[in-house]
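Here are a few notes from my read-through, mostly on aromatic rings and what is tucked away. Have the structure open as you go.

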Amino acid sequence: MTAEQPWVEVLGVRHHGPGSARSVAAALEALAPDCVLVEGPADADPVLALAASPDMTPPVALLGYAADAPGTAAFWPFAVFSPEWQAVSYALRHGVRLQLCDLPAAVSLAQREADAGPGPDGDASRDPDGDPHGDPEGDPGPDRAGESLRAQARTDPIALLAHAAGHDDPERWWDDVVESRGAVAAAQAPPSPDGGRAHPALGAFAAVAEAMTVLREAVPTPEGPERDREEQREAHMRQVLRAVLRDGARRVVVVCGAWHVPALTGALPTATADARRLRGLPRRKVVLTWVPWTHSRLAYASGYGAGVESPGWYHHLFTAPDRTVTRWMTRVAGVLRAQDLPVSSAHVIESVRLAEALATLRGRPLAGLAEVTEATRAVLCEGDDVALASVTSALVVGERLGGVPDDAPVVPLMADLRAQARRLRLKPDAAERVLDLDLRTGTDRARSVLLHRLTLLDLPWGVAADGGVRSTGTFRETWALRWTPSLEVAAVEASMWGATVAAAAGERVVATAQGRAGGAADAPGAGRAPTLPGLAALVRSCLLADLPDATDRLLAALADRAARDTDVAHLMAALPGLVEAQRYGDVRQTDTEALGRVADTLLVRICAGLPAAVSALDDDGAAALRTHVEAVHAAVALRAVPQDRDRWLDTLHGLVDRADVHGLLVGRAVRLLRDAGRVDPADAAARLGRALSVGADAPAKAAWVEGFLAGGGLLLVHDADLLALLDRWVRGLREQEFVDVLPLVRRSFGAFEAGERRAVADRVRALPVGAAGGARPGAGAGWPDVDPDRAAAALGTVAAILGLSEALR
C-alpha cells in the first residue's frame, strides 16, 4: 500500500449485524484507511463529531426533520453492534476523515413527501426507505412465502441467499454464516483478490460482494420509481467517493449495505452520467441531530419496519468476549430469579449443555438464539411459556435506552424539557416505572404540573392513573413513566406552539378550544371546537397543568358555551369535571373561584332543563341519563354547598311522581333521595311496593328495581321490609315474566360486591315464615306441595344465575 496508488475497499454489511460489525472493526484495524465513508444521510456530516462524546451511548439515531413541517421526519438508528457505528467510532477515534455518502436527508424527505407519503403504520416519523439506512438487505421481515422471486429480491435479498443455501429462515442462515461464527468465519474465508490488502477479515466481505453481484444480475430491480431511487442513491455514493479521492484520500474504506457493493466496484458509470442522474432532485430545508433510541425500536415487534428480531441477543453476541451461551444463560437466570422463580446453578449448567447439544445435532458452529430459547424453555422455565415471554421481553429484545450529549442540537422546547427533567430528577427510561406523587410537596407538585403539560402537548412521557385526578387520595397521583424515541419527534412537532413547555402547552390548549389544532375531536389537539364536555375537560387539564392565562381564556369560552348550549346531557357531562377540578385545585394552591361561578351556572341550567329532558325516554336513553344523574349527584355532594344541594334534590323530587319518566330514572331518583334523607325509608318502601304492584309489566318493574338498587346492596341487608317486598315480587312472577326480567335482575344483583351478595342471601334465607306473604321454600306450611329435595336442583341453578350460589350452600 503506497501513497502513489490510491485504493478503495467496499465492505458490504448487514445492518444491525454483530458479525458484520465485528468484521468491519477487524478490517478497519487491518487496513488503517485515511478516509471512511459510511452509508447514511450526507447532510448529517456536521453532527457526526458528536458521536465521539463520552456521553453518546448507543442505541442512538440520527433524526432528520423538515424545518417547516416537523412531522415530516426520519430516523437512522445505530446500535453498538451496527457495522456503521463501528465504522464511525473507528474514524473518530483515529482522527480519520469521516463522511456519510447516501442521499441527503433533504432529498430523502422531499422524495418521501412527494412519492411515498406516510409509512404503512401511519407514522410519518419513519425512515423514508423503510429501514434504518435506506437499504433493503438484512431485513428478514415477515413471512414472504407468497411473494414472487423478484419482489423478494427487492425487499430481502439475504432471504434468497438463505434459500439457495437450503435454509428456510434467512435470519438463522445469516446467524450461522456470519453472526455466530464471527471472527472464526472471517479467518477461514479466502483472502481478498487484491494481494496488497490480503487479510482474513476481508474474506467474508469478498464472498458477500460476489454473491450480491450474482444476485443483482439474476434478479434486477424492475423499472420504476423504486429503481430510480436506488440508482440515485448509488450515484450519490459514487460521487462522494470520487470527491474524496480528488481531495487526496489514498486509502478509502466504504461501509454500506451489501446490496450496493456491486454498484461501487468494478465497471462504474461515468461521473457525468451520475451527475445527470442527480440533477433536479427535490430538496427541502431539514434539521439533523442525534436522539436516544431503544432496542425495542430496533425489533420488528415494535412496528418499526426494519432492524433485527432480537436486538438484546445481538448486543450480547457483540459484547460477550467469550462463553457466549454461558453468560447468556446466567443473565436469563437473573431475570427469572427476579420474578421469584427457583433457578439454581444446576439449572444454568444443564441449560448450557442442552443448547450446545442442540447446536451440535443441527450442525451449527455455536448455539444460536433458537437453541438457547429451547433450552431456556425446557430447563430454566420448565415448559412455562409465560416465563419464557418475560425472558424474551427483558433480554432477547430488551429496553436499553441510549443517550446523547447535552450539546446535541435540539429545539428550544426539548432543551426546556430536559432542563426541567434534570431539576425535578426525572430520568428518561425506556422501561416503564411507576411514580407516586404527593402533591403536598413542592417537588412532586412540580413533577405533576410538568407531566400534565406534556400530556396537553401530546408528549405522553407519563400516563396518569384515573386521568391524573386521584389515586389513593386527594393529595396523591400515580403516573406510569416510559420514554420512547418517538417523543423526540413529538417535541419537534410541539415546538410550533412555543419555546418552553409552559408556553407551548398554554398556546396549544387555547388553539384546541378554538378548533385551530389538528387531531381528534374533543381531545387535546381537536380539529374543531370541542363540545361543552370537551371544553370542560380542557379547563380541568389547564388547572392540573397550572396554566392560569390559558385557564382564564378557556373559562370565558366555557361560560359562553354553557349559556348557549341547550343540551342537558352536555351540561350534566361538563359539571362533574369542573367540580373535581375546583376541589382538586385547592390541593394545588390554584385559584378556582371563577371555576366555581361557571359550575353554579351549569347546575342552575341543569336543574331547569332536567324535568323536560327525562320525558319519554327509551331504555338506552334512560340508561345514559341515569349515568349523568349519578355523576351530577356526586358532584353536588363533593361541592358541599347547601343551596346547590337543596336545588338539586328538589329537582330530583319533582321526577319521582311523574308517569312519563322511565322507571329506571324514577327508581334511581327515589334511592338517591332516600339516601340523602329527603324521602324517609317508609315512603321509599311504599313507592317500591306501588312500582311492583299490578298494572305495570314485568320489565318496567325490573327497571325500577334496577335503578333503586344501583349503588350497592347494603340497603337490602339492613331493611328487612324492602327485602321481603322484593322477595314476594320475585316469587310471584309467572314463568314468562321471570324469563323476561331475569337479565335485568341479574344485572342489578351482579353489580353488588361479593360480600354484599352473600349478606343479602343470608338475610333472604333468614326471612321468617310468612314474612313476605308465605314461608320460605322448604319451610313447610307456606309451601305444602313443594318437595325440597326435588326443588334443590332448580334452586341451585337460580342461585348461580343471581350470583348467590356460594351464600346458599
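1. This is a predicted model, and the count of aromatic pairs in it comes to 8. A pair of aromatic rings is described by the distance of the centres and the angle of the planes.

2. Start with Phe 81 and Tyr 314. Their ring centres are 6.2 Å apart and the planes sit at 85°, so this pair is edge-to-face, as the angle is over 60 degrees. Now look at where the two rings come from: Phe 81 is in the loop between strand 4 (69-78) and helix 3 (83-94), while Tyr 314 belongs to helix 13 (residues 311-319), so the pair ties together parts that are 233 residues apart in sequence. Both Phe 81 and Tyr 314 are buried.

3. Next, Trp 704 and Phe 708. With ring centres 5.6 Å apart and planes at 25°, this pair is stacked, because the angle is under 30 degrees. Both residues are in helix 30 (residues 698-709), and since they are 4 residues apart, about one helical turn separates them.

4. Are those two buried or exposed? Trp 704 has a relative accessible area of 8%, so it is buried, the cut-off being under 20%. Phe 708 is at 1%, so it counts as buried too.

5. There is also a cluster to find: Phe 78, Trp 85 and Trp 290 form one aromatic cluster.

6. Away from the rings, have a look at helix 20 (residues 486-494). How many of its 9 residues are buried? The number is 7, so the helix is mostly covered. Among the buried ones are Leu 487, Glu 488 and Val 489.

Technical notes: Residues numbered from 1 in each chain as written. Predicted model: local features only at pLDDT ≥ 70, side-chain atom pairs only at ≥ 80, totals over all residues. Heavy atoms only, no water. Phe/Tyr/Trp six-rings, centres within 6.5 Å; stacked < 30°, edge-to-face > 60°. Helix = DSSP H or I, 4+ residues; strand = E, 2+ residues; numbered from the N terminus. Buried < 20%, exposed > 50% of the residue type's maximum accessible area, 1.4 Å probe, protein only.
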